[in-house]
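The exercises below concern one protein chain. Work through each task with the sequence and the structure at hand before reading the solution.

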Amino acid sequence: MIDFHSHILEGLDDGVVSFEEALAVVKEARKAGFTKIISTTHYFPEKKYVANEDVRLQALERLSSGVSGVDFVLGSEIFING
């Protein structure tokens with residue numbers, strides 16, 4: 001199973017707030033049968049929640065090192081207009 005919409009990178013949007021919470025969410029997802037999670041951090045041009053790719057990739061790599069059996073993909077939830 002693949003999670004196509006996930007806010008699992010701590011402190012980067014309105015999702016999880018800590019690494020420990022992110023790790024717990026991913027472990028529960030794995031127990032539920034998820035094998036791939038696409039991290040879709042919010043991206044609002046010229047507003048809050050604008051984390052560059054390097055910051056998001058570092059957070060995703062840290063998370064992936066803390067759990068096995070789940071593949072991760074870096075993505076974004078992009079708001080085109082209000």
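Helices and strands are here DSSP runs, with at least four residues for a helix (H or I) and at least two for a strand (E), numbered from the N terminus. The model is predicted.

**Exercise 1. Determine how many helices and strands the protein has, and in which pattern they follow along the sequence.**

Solution. Counting the runs gives two helices and three strands. Reading along the sequence then gives the pattern β-α-β-α-β.

**Exercise 2. Work out the strand order of the sheet and the sense of its pairing.**

Solution.
1. Begin with E1 and E2: they pair in the parallel sense over three bridges. Within this pairing, Ile-2 stands opposite Lys-36 of E2.
2. Turn to E2, residues 36–43, and E3: this pairing is also parallel and has eight bridges. Thr-41 has Ser-76 in E3 as its bridge partner.
3. Put together, the three strands make an open sheet with the order E1-E2-E3 and parallel pairing. Strands E1 (2–6) and E3 (71–78) each have a single partner strand and therefore stand at the edges, one side of each being left without a neighbour in the sheet.
4. On average, neighbouring strands of the sheet are turned by 20° against each other, direction ignored.

**Exercise 3. State which strands helix H2 touches and what angle its direction makes with that of E3.**

Solution. Helix H2, residues 53–65, packs on the sheet and touches E2 and E3. The direction of H2 makes about 145° with that of E3.

**Exercise 4. Decide whether Tyr-43 is buried, partly exposed or exposed, and set the result against the strand that holds this residue.**

Solution.
1. Tyr-43 belongs to strand E2. Six of the eight residues of E2 are buried, so this strand is largely enclosed by the rest of the structure.
2. The cut-offs are under 20% relative accessible area for buried and over 50% for exposed, with partly exposed in between. Tyr-43 has 31% relative accessibility and so counts as partly exposed.
3. Together with Ile-78 and Ile-80, Tyr-43 forms a nonpolar surface patch, whose accessible area is about 330 Å² in total.

**Exercise 5. Describe burial, surface and contacts for the whole protein.**

Solution. Of the 82 residues, 37% are buried. The accessible surface amounts to about 5100 Å², and carbon and sulfur atoms account for 53% of this. Among contacts between residues at least 6 apart in sequence, 74% join residues at least 24 apart.

Technical notes. Residues numbered from 1 in each chain as written. Predicted model: local features only at pLDDT ≥ 70, side-chain atom pairs only at ≥ 80, totals over all residues. Heavy atoms only, no water. Pairing = 2+ DSSP bridges. Axes fitted to C-alpha atoms, helices over the stretch in contact; angles between N-to-C directions. Contact = heavy atoms within 4.5 Å. Patch = residues over 30% accessible without salt bridge, like charges linked within 9 Å, V, L, I, M, F, W, Y side chains within 5 Å. Areas by Shrake-Rupley, 256 points an atom, 1.4 Å probe, with all protein chains shown as cover. Salt bridge = Lys/Arg side-chain N within 4 Å of Asp/Glu carboxyl O. Buried < 20%, exposed > 50% of the residue type's maximum accessible area, 1.4 Å probe, protein only.
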